[in-house]
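Let's practise reading a protein model together. Keep the viewer open, try each task yourself, and then compare your steps with the worked solution.

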Amino acid sequence: FKPLKLPAVTAYLVAGVLIGPYCLGRLGLDGLGFTSYENVEHLSLVSEVALGFIAFSIGNEFRMSSLKHTGKQAAVIGVLQALAATLLVDIALIAIATLSDALSVAQAITLGAIATATAPAATLMVVRQYKAKGPLVDILLPIVALDDAVGLVVFAVSFGIAKAMNVGAFDLVSILVNPLLEIVCSLLLGAVMGWLLTQLEKLFNSNTNRLNMTIAFVFLTAALAMQEFEIGPVKIGFSSLLVCMMLGTVFCNLCPLSEEMAKADRWTSPLFAAFFVISGAELELSVFADKMIVLIGLVYIVTRSLGKYLGAHYSAKLMKCSPAICKYLGITLLPQAGVALGMCVTAKELGPEGDLIRNITLFAILVYELVGPMLTKMALMDAGEIQPMSADVKNRRQINLENSKRGK
């Protein structure tokens, strides 16, 4: 994909589609591809761990020194652009629901809530691959992280209303108490683990041991975030993304040696590649067979994209951000994947209606994941935050390549 000047994320996703159940997997040859979705699901642990490291990496960008300048702007823009996406999707899909039996109002408002979610993994990978730097990247990463918290609340409220419309009774515990508890508990668990990691890092003088400790702690934190508890009607769960983000945030602000731990990127790079290949294999191409799903999916994609772009554009203007941020920020917020899929799992509680929600979301994710990273790259380039490779660097790489060939 390099000659096509596309991000590596897109290549990984396409590779996953090729080895998935709808392409090479159809041949039924073990080892050549995933012959069924059950085979793909066996690697879900890799995805969970990778998401933990992705969230930890984003959390490491939340240094207080930089948040003093962008924190307020990121918070306001993060909330408003998410709500704008939900509002536009709700309006468009409720209109379809009133004109057609293909969609119910409960399904429409659930899909509107799912529209809040943005995929932090794809955005982070593009930023890292091209070493993007600048005001747009500085405000982008906190907004992508904030999307998870905003999405949890919006989805819980919308889905609670959707269930009430089906059952005929409102449940305030599931609508308000559970999502707020999940956010608070996630932040507390992440903060405690971040403080513990900082104290343990002080016991070692070797960077290798510190790196080992950091990696082990991300594994441990991701595992703890998968636990759930029930106290009467109240359900206490954790968002693994929020927990690991908070772990990274506390660690980078308390530990003076946290910048040295950036070396963990060398270890996590192949893990991230595996994560996106698995994500590509999970995409169900069968959704293209249903014309109604494609139609509703296209309406969802268009209205969500408009909501993200216009919400980010006008909220950035409200916060007096630079013209480049106002123009390009919304484009970088289009990728959607893991968090949206997690919401689809919850939507199964609607019964058969949940299946339609899942298929429409899968269709949108397929489009967003393949096109989103490319649009993010283009936006960052147009904003001047991805610098073209200098002639000196190109010459050095060419010389190194020639020398390695002579060595062989």
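**Exercise 1: The whole chain**

Task: For this predicted model, find what percentage of the residues in the protein chain is buried.

Solution:
- Step 1. The protein chain has 408 residues, and buried ones make up 50% of them.
- Step 2. Now look at the secondary structure: there are 16 helices and 2 strands in the chain.
- Step 3. Finally, take the contacts between residues at least 6 apart in sequence; 80% of these join residues at least 24 apart.

**Exercise 2: The nonpolar core**

Task: Work out which residues touch the most other members of the largest nonpolar core, and which helix gives the largest share of this core.

Solution:
- Step 1. The largest nonpolar core holds 104 residues, and Tyr300 and Leu329 touch the most other members.
- Step 2. Helix α7 (residues 135-167) supplies the largest share of this core, with 12 residues.
- Step 3. Zoom in on Leu329. Beyond its neighbours within four places in sequence, Leu329 is in contact with Ile77, Leu136, Ile139, Leu140, Ile143, Ala312 and Ala324.
- Step 4. Here is some background to keep in mind: in soluble globular proteins, nonpolar side chains tend to be buried together.

**Exercise 3: Two helices that meet**

Task: Describe how helix α9 and helix α10 cross, and list the residues that meet.

Solution:
- Step 1. Two numbers are needed, because two packed helices are described by the angle between their axes and the distance between the axes.
- Step 2. For α9 (residues 207-224) and α10 (residues 240-254), the axes come within 9 Å and cross at roughly 145°.
- Step 3. This crossing of α9 and α10 is right-handed.
- Step 4. On the α9 side you will find Thr214, Phe217, Val218, Thr221 and Ala222; they meet Val243, Cys244, Leu247 and Phe251 of α10.
- Step 5. Sorted by class, the contact of α9 with α10 contains 7 nonpolar residues, 2 polar ones and no charged ones.

**Exercise 4: Aromatic pairs**

Task: Count the aromatic pairs, then explain why the pair of Phe53 and Phe219 is edge-to-face.

Solution:
- Step 1. The count comes to 3 aromatic pairs.
- Step 2. The ring centres of Phe53 and Phe219 are 5.8 Å apart and the planes stand at 80°, so this pair is edge-to-face. The cut-off you need is a plane angle over 60 degrees.
- Step 3. Phe53 belongs to helix α3 (residues 44-59) and Phe219 to helix α9, so the pair links distant parts of the chain, 166 residues apart.
- Step 4. Compare the surroundings: Phe53 is buried at 2% relative accessibility, whereas Phe219 is partly exposed at 36%.
- Step 5. Phe275 and Phe276 form an edge-to-face pair too, with 5.0 Å from centre to centre and 75° between the planes. Both Phe275 and Phe276 are buried.

**Exercise 5: Positive phi values**

Task: Say where Lys131 lies, where Lys320 lies, and what phi is for Lys131 and for Lys320.

Solution:
- Step 1. Start with the general picture: most residues other than glycine have a negative phi.
- Step 2. Lys131 is not a glycine, yet its phi is positive, at about 50°. Lys131 lies in the loop between α6 (120-129) and α7.
- Step 3. Lys320 has a positive phi as well, near 60°, and lies in the loop between α12 (291-318) and α13 (323-332).
- Step 4. Are these lysines buried or exposed? Lys131 has a relative accessible area of 63%, so Lys131 is exposed. With 74%, Lys320 is exposed.

**Exercise 6: Two residues in helices**

Task: Decide whether Thr376 is buried or exposed, and find how many residues along the chain lie between the positions of Gly71 and Pro142 as a separation.

Solution:
- Step 1. Thr376 sits in helix α15 (residues 352-382).
- Step 2. Its relative accessible area is 0%, so Thr376 is buried.
- Step 3. Not counting residues up to four places away in sequence, Thr376 touches Val126, Ile331, Thr332 and Pro335.
- Step 4. Gly71 is part of helix α4 (residues 64-99) and is partly exposed, at 23% relative accessibility.
- Step 5. Gly71 and Pro142 are 71 residues apart along the chain, and their C-alpha atoms are separated by 7.8 Å.

Conventions: Residues are numbered from 1 along each chain as its sequence is written. This is a predicted model: local features need pLDDT of at least 70, side-chain atom pairs count only at pLDDT 80 or more; totals for chains, interfaces and linings use all residues. Side-chain values use heavy atoms; hydrogens and water are left out. Axes are lines fitted to C-alpha atoms, for helices over the stretch in contact, and angles run from 0 to 180 degrees between N-to-C directions. Helices (H or I, at least four residues) and strands (E, at least two) are DSSP runs, numbered from the N terminus. A crossing is left-handed if the near helix is turned anticlockwise from the far one by less than a right angle, and right-handed if clockwise. Contact means heavy atoms within 4.5 Å. Ala, Val, Leu, Ile, Met, Phe, Trp, Tyr, Cys and Pro count as nonpolar, Asp, Glu, Lys and Arg as charged, and the others, Gly among them, as polar. A nonpolar core is a set of buried Ala, Val, Leu, Ile, Met, Phe, Trp, Tyr and Cys residues joined through side-chain atoms within 4.5 Å. Buried means under 20% relative accessible area, exposed over 50%, partly exposed in between (1.4 Å probe, protein chains only). Rings of Phe, Tyr and Trp (its six-membered ring) pair if their centres lie within 6.5 Å; planes under 30 degrees apart count as stacked, over 60 as edge-to-face and the rest as tilted.
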